[in-house]
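Dear colleague,

Please find below the structure that I am handing over to you. My findings follow it, arranged by topic.

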Amino acid sequence: MIDVALAQKSGGDLAEHSLSLSMRQTFALAKRSTLELFRQPALVVPSMLFPLFFAMLGNSSFGRTTSLPGFPKVDSYLQFQLAGTITQGVLFGSVTGAAALATDIQNGFFDRLLAAPTSRTGILLGRLAGSTLFGALQTAVFVFVLMPFGASVSAGIPGVLAMIVSGALISLAVGALMSSVALKTGSAEAVQGTFPLLFILLFFSSAFFPRETMSGAYQTIAGLNPISYLVEGLRALSLEGFTASATARAILVPLAIAIVALGIANSQLRSRLRKH
Amino acid sequence: MSESPIIAIDLVRHFGDVQAVKGINLEIKEGEIFGFLGPNGAGKSTAVRMLTTLLRPTSGTARVAGYDVVNQADMVRRNIGVALQDAAIDPLMTGAELLALQAVLYGIPATSLKKRSDELLERVGLTAAARRRVSTYSGGMRRRLDLALSLIHQPKVLFLDEPTTGLDPMSRLTLWEEVRRLNKDGTTVMLTTQYLEEADQLADRIAIIDHGRIVREGKPADLKASIGAPTLIIKIHADQNERAKSVLSTFGELRPGVEGEIGVGLQGGATQVADVVRKLDEAGVHLQHLEINEPSLDDVFAEATGYRLEGSDNAPPAGDNGLRDNGTVEPLTKKSRWGRKQRR
C-alpha cells in the first residue's frame with residue numbers, strides 16, 4: 001500500500017491548510033516559475049543583455065556629462081549609471097514573470113492549480129518568488145559585469161549584497177504590480193503592453209541623469225516618478241558607501257512599494273476568484 | 001447507506017444574459033462511470049466546472065465527495081481528481097517534475113513521492129518519457145500524463161473532461177482501458193464527452209445535456225431500448241420482394257432500407273431473427289445478406305435533442321448555449337431514428 005498521507009485521510013478529515021503545507025506549495029510553485037524562466041533563454045537573455053548594452057551606450061554617449069553642474073561626484077558615468085541599469089533590467093524581467101502568470105491563466109494551468117487544494121496566495125507568491133530570484137540574479141550580473149568597466153560600488157561587498165536585496169525587492173514590487181494587470185486582464189498581451197509604459201517611465205526618471213541636472217516639467221515628472229526613488233536608493237549604495245541612510249533608502253523604498261503592490265495583487269487575485 | 005459521491009440539485013449558472021446551465025439534477029452513485037454527453041456549448045463543461053469548485057453556481061446546490069462545492073470547496077478539492085480538457089500541462093516542465101509539483105499541492109509527503117510518481121508513470125506508460133519536457137510529448141502522452149496527475153492523491157471521485165478529444169484511435173483505446181481499470185479499483189468517474197461511442201463504451205449511465213438542460217438520463221442500453229425495436233435488414237432478389245415483405249410484416253413494422261434491401265423493426269427483439277429466417281425459407285425467399293442493427297446512442301441523442309451530432313459519432317455542432325449555429329446540425333428525420341446503419 002502506498003503511503004500517501006492525504007489519500008489515507010480521504011473522506012475529508014483534513015481541516016484548514018496548514019502553514020507548512022502552504023509554504024511547501026509556495027516553494028514548489030516558486031521552483032516551477034524559476035525553472036520555467038531559465039528554460040526560456042529567449043526571455044532571459046534579452047533582459048540581461050539589453051540593459052548592459054544601454055549602459056555601455058550611455059557610458060560612451062554621456063560619459064562627459066559627469067562634469068555638469070548638479071551631477072554628483074563619481075568616478076565614471078557607469079558608476080552613476082549602474083543603479084539605472086539594474087532598475088531597467090529588473091523592470092523588464094518582472095514584466096516577463098507577470099506575463100507568464102497571465103499565460104497560466106490563458107492556457108488553463110491556473111485552473112489546474114485552482115482545482116487542487118492549492119493555497120491561493122501561494123499561487124501568486126510562487127510566481128513572484130521566481131521573478132524576485134531572477135531580479136537578484138540580474139542585479140548580481142549587472143554589478144559584476146560592469147564593475148571592471150568603472151561601475152564601482154562605494155559600499156563595497158556589503159553594499160553589493162544590499163544592492164542585490166534591493167534589486168530583488170524592486171523586482172518583487174514591479175512583479176506584483178504587473179501581476180495585478182495579469183490577474184485583472186488574464187492576458188499576456190495586456191501585460192506585455194505595459195512594456196512601453198515602463199520604458200517611458202524609466203526615461204522620465206532619474207535612471208540616466210540626476211534630477212538636479214533636469215529642469216521644468218521633466219524635473220517635476222521625475223520627482224513624482226516612483227522609479228526615480230527606486231533608482232536613487234540603489235545609487236546611494238553605489239555613490240555614498242555603506243551608510244545607514246543609503247541602505248535604508250535602497251531597501252525600504254522598494255520594500256514599501258512591494259508591500260503596497262502585493263496588497264493590490266492579492267486584491268486582484270481575490271477579485272478574480274470571486275468571479276469564478 | 002453512504003451519500004452518493006456526486007449530487008447536484010437544480011444547479012444553475014448564468015454568464016450575464018447567457019444561461020449556460022439551466023437547472024440540472026444529478027446523482028452519481030459510488031463506483032459508477034457516468035457519461036455526461038453533449039455537443040460543444042451544451043453546458044457540460046460549465047456543469048463540471050461547478051462540480052469541481054472552479055465556478056460558483058448562480059443558484060442550486062451540489063455535493064461532491066460528501067462536501068458542499070461552495071461552502072466546503074477546499075475539502076471537495078482534496079477528495080477529487082480533475083483532468084480538464086482546457087487545463088494545459090506546462091510544456092516546459094518534465095512529466096516527473098509536474099507529478100512532483102502536483103504531489104506537493106495535495107500534501108503528499110516527500111518520502112512517498114517517488115514511489116507514487118513511479119507507480120503512476122508506469123501505470124500510464126510514461127516511465128521512459130518521465131524526464132523529458134512535456135513539449136516533446138504527443139497528444140496521447142499528454143492526456144495520459146494529465147490522468148496520472150489527477151490520480152496522484154488516489155481520489156475516490158474522478159472528473160475527466162473530454163479525455164480523448166483529439167486523440168488518435170489507439171490512444172483513445174488506451175485511455176479507455178485505463179478508465180475501466182480505475183473504475184474497477186473503485187473510483188467513481190464522471191466523464192464528459194462529445195463522443196457517443198465513448199459514452200456507450202465506458203459509461204454505466206449517461207446524461208445527455210443540451211442547451212443547459214439534461215434531456216435524457218439512464219443506462220445506455222435502457223436509453224437505446226427506449227428508441228424501439230432493433231432493425232433487421234435483409235437483401236434479396238427483387239422478384240422476391242413482395243413475398244419477403246409479406247413474411248416480414250408479421251414480425252413488425254416494415255422500414256424502408258436502401259435500394260435492394262428491406263428493413264423491419266423486430267417487435268420481439270433480436271431473438272426473433274431465427275424465426276424470421278425460418279419463415280422466409282419456408283416462403284421460398286433466398287437471403288443474400290442479413291444484418292440486425294440495434295438502436296444507438298446516436299439515435300437516443302437525436303430523439304432527445306432533435307438533431308444529430310454532425311458527422312455521426314464524432315463531430316458535434318459548434319457554438320455556445322443559445323448561440324448554436326444551426327447550419328452545423330443535421331436535422332432529425334424519420335429515417336435517422338432507425339439506427340445508425342440506416343444512415344450510413
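The notes below cover confidence, the contact between the chains, two helices, a sheet and two loop residues.

Please bear in mind that this is a predicted model. Chain A has an average pLDDT of 88, and 94% of its residues score at least 70. Among the elements of chain A, helix H7 (residues 156-185) has the highest mean pLDDT, 95, while H1(A) has the lowest, 43. The pLDDT is below 50 over residues 1-16 of chain A, a stretch that nevertheless has 31 contacts in the model beyond near neighbours in sequence. Where pLDDT is low, the predicted coordinates should not be read in detail.

Turning to the contact between the chains, 29 residues come from chain A and 35 residues from chain B. On the side of chain A that touches chain B, at least two residues each are supplied by helix H1 (5-8), helix H2 (19-38) and helix H5 (109-115) of chain A. Of the elements there, H2(A) gives the most, with seven residues. By character, this side of chain A comprises 14 nonpolar, eight polar and seven charged residues. I would add that H1(A), one of the contributors, is the element of chain A with the lowest mean pLDDT.

In chain A, helix H12 (residues 244-275) deserves a separate note. H12(A) has 32 residues, and the distance from its first C-alpha to its last is 46 Å, close to the 46 Å expected at 1.5 Å a residue. Its buried residues include Ala246(A), Arg249(A), Val253(A), Ile257(A), Leu262(A) and Leu269(A). The buried residues of H12(A) pack against helix H6 (120-146), H7 and helix H11 (226-240) of chain A.

In chain B, helix H4 (residues 110-123) has 14 residues, which at 1.5 Å a residue should span 20 Å; the end C-alpha atoms are 20 Å apart, in agreement. Arg116(B), Ser117(B), Leu120(B) and Leu121(B) are the buried residues of H4(B). Seen down the helix axis, the buried residues of H4(B) fall within an arc of 130°, and therefore line one face of the helix. An α-helix has 3.6 residues a turn, so residues three or four places apart point the same way. The buried residues of H4(B) pack against helix H3 (95-105) and helix H5 (139-150) of chain B. The face turned away from the buried side carries the exposed residues Thr111(B), Lys115(B) and Glu122(B). After H4(B) comes Gly125(B), which has a positive phi, near 70°.

Chain B also holds an open sheet of four strands in the order E2-E1-E4-E5, with antiparallel pairing. Strand E2 (18-28) and strand E5 (67-68) of chain B are the edge strands, each pairing on one side only. Strand E4 (residues 59-64) of chain B is joined to E5(B) by two bridges; Val64(B) has Tyr67(B) in E5(B) as its bridge partner.

Finally, two residues of chain B have backbone angles worth checking. Most residues other than glycine have a negative phi, and most peptide bonds are trans. Thr53(B), although not a glycine, has a positive phi of about 70°. Thr53(B) lies in the loop between helix H1 (44-51) and E4 of chain B and is buried, with 25 other C-beta atoms within 10 Å. Gln154(B), also not a glycine, has a positive phi of about 50°. Gln154(B) is in the loop between H5 and strand E7 (157-161) of chain B and counts as partly exposed, with 18 C-beta neighbours inside 10 Å.

With kind regards

How values were computed
Residues numbered from 1 in each chain as written. Chains lettered and ligands numbered in written order. Predicted model: local features only at pLDDT ≥ 70, side-chain atom pairs only at ≥ 80, totals over all residues. Contact = placed C-beta atoms within 7 Å. Nonpolar A, V, L, I, M, F, W, Y, C, P; charged D, E, K, R; others polar. pLDDT = per-residue confidence, 0-100. Expected span 1.5 Å × (residues − 1). Buried ≥ 20, exposed ≤ 12 C-beta atoms within 10 Å, placed from the backbone. Arc of directions from axis to C-beta. Pairing = 2+ DSSP bridges.
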